[in-house]
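Me: I have a structure in front of me and would like to learn how to read it. Could we go through it feature by feature?

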Amino acid sequence: SLWHALFAQSRDGVVVLDQTGKVYETNQRFADILGYTMEEMYQLHVWDWAHGLTREDLLGMIRDIDGDGHHFETQQVRKDGSLVDIELSNSRTFFRGQKLILCICRDITERKAAERRIRYLATTDTLTGTSNRGEFSRRLAEEIARAHRHGRPLGLVMFDLDHFKRINDRHGHDAGDAVLRGVMEVVRQRVRLGDAIGRWGGEEFMLLLPESALPNTLVTAERLRAGIEAQRFALAERVTASFGVVVLERGEGFDALVKRADVALYRAKSAGRNRVETVSKD
C-alpha cells in the first residue's frame, strides 16, 4: 500500500516493464508525459514510445539490464507524434519469480531547450545568425587538424564589406545591421551545407570550406562577390565586398593560415576593392 502511494504520487514518470517489453505497471505522471490515458498505457510496449530504437534493440536492452541498471538521456514519442526529452534511470528487479524493469522517467524538455538556447547564445552572432568568432575559431582549428590528419584540402575565405562605415554614417546603424543580415542571406544561398560561416568582427566575416582546393575556393568567393554586388538593399548606394582566399598548406597552423587570409584580403582592398585575391605560402 505504501509502495503504491509513493508510486502514484511520484513527480517523475514511472513505468515497469515485463520481459516482453509490455507495460506491467505505470503511474499517472508517465501517462501524462506521453499523452495517453492509463487504460491505453496498459496496452503499450516500450517500442511504442522509445524514439530511434527498434523492437529488437529494446528487447536486447531488457535482457542486458542488471541490478546496476543504466542512467541516460533519451527521447520518447508522445501519442500525438511529438518528442519529449527524458532523463531515464532503469534497473532490474524480480517479483514473484518474474524479471521486471523499473524505469524512472523525468521530463527534461524545458531544461534541454534552455541548454540549447544557452549554447546558441554562446556560439552564435545574434545579429547575423552566423557563428561568432570563438565558435568559428573552434571549428577552424578542428578542420585544420582533420585536413592534416587525412591529407585533404581545406579552403578559407576572409571577406569584408567595402566602405561599411560610410553606410552606417549616412544611413544609421539600423540600416547597417540590415545590410549585414542581407549579405549573410546572400552567402548562405551560395555555399554548401557543410561550409561554416563566422563573423570575425564588425563587417568582417570568414568562410570555411572543407574538402575545397584553391580553384573551387576561388570560384566560391567569386560567386559570393558577384551575388553581393548584384543584391539590391534598401539603400541608394551599391554594397560590395572584398575577398581574401587561401587554402591550407602542408604543416601550416591556425595563426599562419588566418594571417595569409588577412594578407589576401588586404591585397584585394588595396587593388580597388570588390575583388577576390589570394596569397600563397612563402
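**Reading the strands and helices**

Reply: Start with one pair of strands. Strand β4 (residues 83-95) and strand β5 (residues 98-107) run antiparallel and are joined by 10 bridges. Keep in mind that this is a predicted model.

Me: Which residue of β5 is the bridge partner of glutamate 87?

Reply: Arginine 106 is the bridge partner of glutamate 87.

Me: What is the order of the strands in the open sheet?

Reply: A sheet is read by following the pairing from strand to strand. Here 5 strands with antiparallel pairing give the order β2-β1-β5-β4-β3. β2 (23-26) and β3 (70-77) are the edge strands, each pairing on one side only. From one strand to the next, the twist averages 30 degrees.

Me: Which helix packs on the sheet, and which strands does it touch?

Reply: Helix α5 (residues 109-123) does, and it touches β3, β4 and β5. The direction of α5 makes about 135 degrees with that of β4.

Me: Is glutamate 110 buried or exposed?

Reply: Glutamate 110 is found in helix α5. Its relative accessible area is 71%, over the 50% cut-off, so glutamate 110 is exposed. Sequence separation and distance in space should be read separately: glutamate 110 and lysine 99 are 11 residues apart in sequence and 34 Å apart in space, C-alpha to C-alpha.

Me: What span should helix α6 have, and how far apart are its end C-alpha atoms?

Reply: The expected span follows from the number of residues. Helix α6 (residues 133-150) has 18 residues, so at 1.5 Å a residue it should span 26 Å. The end C-alpha atoms of α6 are 26 Å apart, which agrees.

Me: Which residues of α6 are buried, and what covers them?

Reply: First the general idea. An α-helix has 3.6 residues a turn, so residues three or four places apart point the same way. In α6 the buried residues are Glu135, Phe136, Ser137, Leu140, Glu143, Ile144 and Ala147. Their cover includes α5, β6 (154-161), β7 (196-201), β8 (204-210) and α10 (254-270). After α6 comes glycine 151, with a positive phi near 65 degrees.

Me: How do α7 and α8 lie to each other?

Reply: Read the angle between the two axes. Those of helix α7 (residues 164-171) and helix α8 (residues 173-188) cross at roughly 140 degrees and come within 7 Å. α7 and α8 are therefore oblique to each other; an angle over 145 would count as roughly antiparallel. On the α7 side, the contact is made by Phe164, Ile167, Asn168 and His171, and on the α8 side by His173, Ala175, Gly176, Val179 and Leu180. These contact residues divide into 5 nonpolar, 4 polar and no charged.

Me: How many residues of β8 are buried, and which way do they point?

Reply: In β8, 7 of 7 residues are buried, so the strand is mostly covered. Glu204, Met206, Leu208 and Pro210 point one way, while Phe205, Leu207 and Leu209 point the other way.

Me: How many bridges join β8 to β6 and to β7?

Reply: β6 and β8 run antiparallel, joined by 7 bridges, and aspartate 160 stands opposite glutamate 204 in β8. β7 and β8 also run antiparallel, with 5 bridges; there, arginine 199 has phenylalanine 205 of β8 as its bridge partner. β7 and β8 form a hairpin with 2 residues between them, and glycine 202 in the turn has a positive phi of about 60 degrees.

Notes:
Residues are numbered from 1 along each chain as its sequence is written. This is a predicted model: local features need pLDDT of at least 70, side-chain atom pairs count only at pLDDT 80 or more; totals for chains, interfaces and linings use all residues. Side-chain values use heavy atoms; hydrogens and water are left out. Two strands pair if DSSP finds at least two bridges between them. Helices (H or I, at least four residues) and strands (E, at least two) are DSSP runs, numbered from the N terminus. Axes are lines fitted to C-alpha atoms, for helices over the stretch in contact, and angles run from 0 to 180 degrees between N-to-C directions. Contact means heavy atoms within 4.5 Å. The expected span of a helix is 1.5 Å times one less than its number of residues. Buried means under 20% relative accessible area, exposed over 50%, partly exposed in between (1.4 Å probe, protein chains only). Angles under 35 degrees count as roughly parallel, over 145 as roughly antiparallel, 65 to 115 as roughly perpendicular and the rest as oblique. Ala, Val, Leu, Ile, Met, Phe, Trp, Tyr, Cys and Pro count as nonpolar, Asp, Glu, Lys and Arg as charged, and the others, Gly among them, as polar.
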